[in-house]
Amino acid sequence: MSGLGPRDIALEKLAATVTSEPLDVLVVGGGITGAGIALDAASRGATVGLVEGRDFASGTSSKSSKLVHGGLRYLEQREFGLMREACTERDLLRRLAPHLVEPIPFVLPVSQRSTRAKLGVGLWAYDALASFRNMKIHKHIDPSEAEELVPPLPKGKVRGGYLFYDCKNDDVRLVMENLVQARRYGATVVNHAAVRHLDGKEGDCRALIEDTPTATVFEVRARRVVVAAGVWADRVEGLARADARPRLRPSKGIHLVFDRTTLPLQDAAAFIPDADRERMLFVIPWLDAVIVGTTDETYEGDLDTPSVTDPDRDYVLSSLNSAFALELTATDIVGAYAGLRPLIASKQGATADLSRRHSVYDIAPGIIGITGGKLTTYRRMAADAVDRLSQDGGISSRSRTRWIRLGSHDPETLTRAVERRAARLGIGRDSVESLVRCYGDRSLAVIDVAEKSDNPLPLVEGHPPLAAEAAYCAQEEMVVDLDDLLARRTRMALVDRAAGIGTGRRASAYLADALAWSADEHDRQILAYRAEVEQERGRPLGETPPLERPTRTQTG
Ligand code: FAD
C-alpha cells in the first residue's frame, strides 16, 4: 500500500458507516494535529476516519517557519516545561523522520558586548532543557566565523556570535507522512470534505460532511469525534453546540521568501533582531530559497484569507536590511505567505506573550476538541487527545507513535537507490534529494511514474520537483486542484516568483493530463490558483504569459 489511495473510495467508505459499523473515531481537520491523531488512534487499533475541509495541511500547518525546535524565544516567557517537551519531540522526530527533519546550524550574531553574556546564559539554558542532548552544544564564534557562515552580515560590525542547532522540516510533508502512515494502519482519510454539522451523543455521533468538489452532502457515524480544526476550532465547535464561547485568540505571522542569490545563505540559518530590536526573526535556507519571518499580531480578519500586507512586508524588509549589509526591496521578494496561530485565549496583551501550550476540552457528549500547541509538539498533542478518548474504554490507553517511523528510516541508502534509477533518466542530484525529502521510501514510486512516461523534466523550470510528481500526487496523494499541487505537494507557490504558472512549461498542464481536465477546466484552475496566490501574497503575480492549453507535447 502506498500513498493515500483514491479519494472516491475513501468517501464511499466513510458514507458506509451509516449502514454498517460506525467509526471508533472521526477526526475533523487534516493539519498536523488531526494527522497525528489519526495515526495515534489507528495505531492503537481504532477504526479511524479523517475529514479535511480544504486540502491536507492547507491551514496553519503549511504556513509555519518550518522549524522543529525547542523555541529559544520562549525562554523569555519562562515556558521551560513546553521547551523541554519540544526539545524531546525534536530529537524523537529526527529519528522517526530523518529524511524530513534535518538539523540546521543557527548563527545568533552579537553586535553589542552587553548582550553577549545574556545570550550565552540563554543558550546554556536551552542546551540544559534538551538535557545536553542537543545535536551539538552551542558555542561562541568569532566575527570571521559568523561572517563566513552568514555572508550577508555586515563586515566588521559584528562582534562574533553564537552557533546553536535546531531542526528544519517541510511542514506539509510531515502532515502527509502522518496521513500515509495512518492509512497503513487502516485509517480512511479524505481532503476537500468539510464538516457542516455535528451531532454529539455518547457512543453514537453523527457528522454531515460536504464533498466540496461535487457539493454532495453525506452522513458519517462515529462513536467519538475529535475536532482538530486549529484556528477554526471555535467555528467547528459552533456546529455542535449553539452556546459555544470563543476559546482562541488567533495571531497572524507572515514570511517573505527570497532567492539564494539575493539573500546568500547556504547551510546555516540566522536568528536576527528586528529593526526595532524588540523581536527576533528567523532567516532560514529552505528548499532552494531562503525564508524570513515571522511576525506575531492579533488577527481579527477572515480566518480563511490572511494575507501579507504592505506594513508586514516593510517590517521584514527593514529588519533584514538593518541586520545585514543588504538593500533589499519588494522586487527582490519571490514569494510570501501568511498563517494564523491557534493560540488559547489565556490572557489579554500581546499575542507574542500567549502560551504555545495546547488544550484538550469537551465540546458535547462524544465530541472533544484540541487546539493550540506547535507543529513540533504535535505527537504529544495527538497522544493527549487519544488518551482522553481511551478513558471511555474501547481504545488502548497506550500511544505507540514514538516507535512508528515516518517515511524513511535510512535516507542515505534510499538516496543512492533513487539516484541510480534517476541517473538512467538523466534526473539530477537536486531532484533526487527533493524526492527523498518529500516522499521518503515512496520516492521510488515517483521514479516508476517518470520511467513509465519517459519524462525526466522538472515540474517548473529551474526547480527540483519533477513533472512526474503531478501524476503521482494525483493518483496517490489526493491532489484535487492546482493549488493542492503547487502550494502544498510541491512548494512552488512559495519559492517560485511566478508560483509555478508563469514560466516556460506549465506545471498545470501535467496535472490537467493526470486528472483529465478539459481545456476550460484547465483555464479555470489556473485563474483560481492564481487568485489564491495573489490574495495570500497581497499583490499581483506580475506579468504572466498568456494561458497555455494542455497538450500531450507539453507533458513530454
Ligand atoms: P491547522 O494546520 O490549521 O489544521 C486545521 C485544519 O482544520 C485545517 O486544515 C482546516 O482546513 C481544517 N478544518 C477547519 N474547519 C473544518 C471543517 N468544518 N471540516 C473539516 N476540516 C476543517 N510551530 C512549530 O513547531 N515550528 C515553527 O516553526 C512554527 N512556525 C509558525 C509560524 C507561523 C507564522 C505560525 C502561524 C505558526 C507556526 N507554528 C510553528 C505553529 C504551528 O504551525 C501550528 O501550531 C500548527 O500547524 C497547527 O496545526 P493544526 O493541525 O492544529 O491546525
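# Cores, domains and backbone of a predicted model

Phe258 counts as buried, because its relative accessibility is 0%; here buried means under 20% relative accessible area, exposed means over 50%, and partly exposed covers the range in between, with a 1.4 Å probe and protein chains only. The structure is a predicted model, in which local features need pLDDT of at least 70 and side-chain atom pairs count only at pLDDT 80 or more, whereas totals for chains, interfaces and linings use all residues. Residues are numbered from 1 along each chain as its sequence is written, and side-chain values use heavy atoms, with hydrogens and water left out.

## Domains

The protein is divided into domain 1 (7–60 + 172–247 + 355–403), domain 2 (72–168 + 249–353) and domain 3 (411–537), with bounds that come from an automatic or database domain assignment. Between domain 2 and domain 3, the C-alpha centres lie 29 Å apart, and 21 residues of domain 2 are in contact with 15 residues of domain 3, where contact means heavy atoms within 4.5 Å.

## Nonpolar cores

A nonpolar core is a set of buried Ala, Val, Leu, Ile, Met, Phe, Trp, Tyr and Cys residues joined through side-chain atoms within 4.5 Å. The largest such core holds 112 residues, and among these Val283 and Phe324 touch the most other members. Domain 1 and domain 2 each supply at least three residues to this core. A second core, separate from the largest one, has 67 residues, including Leu67, Leu75, Val432 and Val460. In soluble globular proteins, nonpolar side chains tend to be buried together.

Which residues does Phe324 touch, when residues up to four places away in sequence are not counted? The partners of Phe324 are Val150, Pro152, Leu153, Pro154, Leu263, Ala270, Ile272 and Val283.

## Three buried strand residues

Phe258 belongs to strand S11 (residues 251–259); helices (H or I, at least four residues) and strands (E, at least two) are DSSP runs, numbered from the N terminus. With residues up to four places away in sequence again not counted, Phe258 touches ten listed partners, among them Leu263, Ala289, Val290, Val292 and Leu317.

Leu281 is found in strand S13 (residues 280–286) and is buried, with a relative accessible area of 0%. Apart from its neighbours within four places in sequence, Leu281 is in contact with Ala270, Phe271, Ile272, Asp274, Gly293, Thr294, Tyr315 and Ser319.

Gly335, in strand S16 (residues 333–341), also counts as buried, at 1% relative accessibility. Its contacts outside the four nearest places in sequence are with His255, Leu256, Val257, Leu494 and Arg537.

## Residue pairs apart in sequence

The table gives each pair with its separation along the chain and its C-alpha to C-alpha distance.

| Pair | Along the chain | C-alpha distance |
|---|---|---|
| Phe258 and Leu435 | 177 residues | 22 Å |
| Gly335 and Glu469 | 134 residues | 22 Å |
| Thr19 and Arg221 | 202 residues | 9.0 Å |
| Leu281 and Arg421 | 140 residues | 41 Å |

Thr19 lies in the loop between helix H1 (7–15) and strand S1 (23–28), and counts as exposed at 73% relative accessibility.

## A pair of helices

Two packed helices are described by the angle between their axes and the distance between the axes. The axes of helix H3 (residues 80–96) and helix H9 (residues 378–390) come within 9 Å and cross at roughly 100°; axes are lines fitted to C-alpha atoms, for helices over the stretch in contact, and angles run from 0 to 180 degrees between N-to-C directions. H3 and H9 are therefore roughly perpendicular to each other, on a scale where angles under 35 degrees count as roughly parallel, over 145 as roughly antiparallel, 65 to 115 as roughly perpendicular and the rest as oblique.

On the H3 side, Glu85, Thr88, Glu89, Leu92, Leu93 and Leu96 meet Tyr378, Arg379 and Arg380 of H9. The residues of this contact divide into 4 nonpolar, 1 polar and 4 charged, where Ala, Val, Leu, Ile, Met, Phe, Trp, Tyr, Cys and Pro count as nonpolar, Asp, Glu, Lys and Arg as charged, and the others, Gly among them, as polar.

## Backbone details

Most residues other than glycine have a negative phi, and most peptide bonds are trans. Lys66 has a positive phi near 70°; this residue sits in the loop between strand S2 (48–51) and strand S3 (67–68) and is buried, at 0% relative accessibility. Ala516 likewise has a positive phi, near 55°, and its place is in the loop between helix H16 (507–515) and helix H17 (519–537). Is Ala516 buried or exposed? With a relative accessible area of 67%, Ala516 is exposed.

Gly293 and Thr294 are joined by a cis peptide bond, with omega about 15°, and Thr294 falls in the loop between strand S14 (289–293) and strand S15 (297–298).
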